[in-house]
Amino acid sequence: MEKQFVKFYPGVYTDREKKALAAFMETCRAIEERGPVSPAEIREGKVSEAMPGVYTQVITEEILRYNNTKFDPENPLYNDEAYAVKLGYRSIPGLQTLAAHDDSFMAPFPRDARDYMLVSGLNHEISFYNPVYAGDTMYLIADERHILDLTPAEGSEFRSFAIETSGSIYNQRGELVNKVAFRAVENLKALTDPEHMKEEGEMDWIGPDWDSRPEHYYSDEDWEKILSIWKNEKMQGAEPLYWEDVPIGFQPAETLDGPIDDSIEPTPRVGMGNGGTRTLKREIMDPDFRRTMVRSEQSGIYRMPNRADSWPKEPELRLKYGEEFGGGFRSVDLPHGEESHRFMLINFLGRDYALRHINNFMGDHGKLVNIRWGIMSRDSLASRGFTVPASPSAVDFLSVVPFKAGQPITEHGMERDVAWVKSYVFDKFCEDGKHYVRLAWWIDTILGETYESGWATVELPSRND
């Protein structure tokens, strides 16, 4: 029997939706009634998870070093304590996005109101104020939450809501670490007979067939390209990069990570997730060691002789939350000669590969002030047969890049893709005596297919300081 779906109209809600909408709006009201949380209240121990819209996380030495070494292993600032202290840090800082856990802020529309959900229009933003150190307790505080009905006036089988939560992250000293905004469009479908789904036991998430993009075989020519990119990477490091020396149109040296055998997994309270393989750049660039590696006949990817060595040991994340996180099915668990089914790359994995690119560009004397990124735009879903409204906060990040403008992103990153990060300086400005540049960044497969993009604002030293 063919499934029948409810046809939705903006502002006209079924009894099932009304109940769920009331529950969602209650979370918004609770945050509003709680009011702002002050740094003094945090220092005095008056802020806890008993309060609406508040979560805490403890940054352990293990999780900090795990992410630093996985995403920026050659950068002494994030891996050498003496080097970090010499630059004025108390100890090794965590990579910039470590504390900003998206799901602690985003609140999905209650599942009681739908049988299927399609997510689109992710568009997130993080601003940076103070470093994160091992031993810090982070207070993730939702400041505001809003919902907007985007369902088309002519009616649709999708009820589309744009949901946005903005918030602040403080440490136990009451110092502001991050300001965040996490945004997504949830497109909900409801069966006229909800029992139909329960009888069949179907999954309630639906989405495009991103894996219809053919998997790439990494040829000898591809590896020559990868090796060339690695050889030409430039880490600015201790040498200051001055604002005056960076013209609009400047393109920092490209970086490349991967091929990404396994994606990370979203992990409660950890902004950078958990799991996933590391980039074998050091091993592959060593021709003697490369001869000991095993090259896949199916994908052309080089892997460690003991395949599991491609996967760094995951931190223990049970902590006080009473659950085991990460460690799902991994391709590294397979013997050589076998490949796993490819899964999508989590949206913030691309963002975190972009961090190494940005850190290389700005060096030790630069500061990442803000990063924005987005995936699963209306265009990308339309290319796979789904018609959904555009997010009201959607940004065409590549419109400012002359040779990328007008080219919609229609792909999604998949396991065994590389993260080939490129960028372009499109703006320079001064504000309150400080000097900033803005970069548009994007991530390509080895074939140059773009699958993620964003912006970054970087503060640089000035020759006139």
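Trainee: How many helices and how many strands does the protein have?

Mentor: Good place to start! Keep in mind that this is a predicted model. Counting along the chain, the protein has 10 helices and 15 strands.

Trainee: What radius of gyration does the protein have, and what does the globule rule give for 465 residues?

Mentor: Let's put the two values side by side. The globule rule gives 23 Å for 465 residues, and the radius of gyration of the protein is close to that, so the protein is as compact as a globular protein of that length. The value for the protein is 23 Å.

Trainee: What share of the residues in the protein is buried?

Mentor: A residue counts as buried when its relative accessible area is under 20%. Among the 465 residues, the buried ones make up 55%.

Trainee: How many disulfides does the structure hold?

Mentor: It helps to recall that a disulfide is a covalent bond between the sulfur atoms of two cysteines. To count here, two cysteine sulfur atoms must lie within 2.5 Å. The number of disulfides in the structure is 0.

Trainee: Is Cys-28 buried or exposed?

Mentor: The cut-off for buried is under 20% relative accessible area. Cys-28 has 9%, so Cys-28 is buried.

Trainee: Where is Gln-236 found, and which residues is Gln-236 in contact with, leaving aside its neighbours within four places in sequence?

Mentor: Gln-236 sits in the loop that runs between helix 6 (220-232) and strand 7 (255-257). With a relative accessibility of 9%, Gln-236 counts as buried. Once its neighbours within four places in sequence are set aside, Gln-236 is in contact with Leu-241, Asn-360, Phe-361, Met-362 and Gly-363.

Trainee: Is the peptide bond from Gly-258 to Pro-259 cis or trans?

Mentor: Most peptide bonds are trans. Pro-259 belongs to the loop between strand 7 and strand 8 (265-267). For the bond from Gly-258 to Pro-259, omega is near 0°, and the bond is cis.

Trainee: What is the phi of Arg-269?

Mentor: Most residues other than glycine have a negative phi. Arg-269 is in the loop between strand 8 and strand 9 (270-274), and this residue is buried, with a relative accessible area of 13%. Although Arg-269 is not a glycine, its phi is positive, at about 75°.

Trainee: And what is the phi of Met-376?

Mentor: Look in the loop between strand 12 (367-375) and helix 10 (378-382), where Met-376 lies. Met-376 is buried, with a relative accessible area of 14%. Met-376 is not a glycine, yet its phi is positive, at about 55°.

Terms used:
Residues numbered from 1 in each chain as written. Predicted model: local features only at pLDDT ≥ 70, side-chain atom pairs only at ≥ 80, totals over all residues. Heavy atoms only, no water. Helix = DSSP H or I, 4+ residues; strand = E, 2+ residues; numbered from the N terminus. Rg over C-alpha atoms; globule rule 2.2 N^0.38 Å. Buried < 20%, exposed > 50% of the residue type's maximum accessible area, 1.4 Å probe, protein only. Contact = heavy atoms within 4.5 Å.
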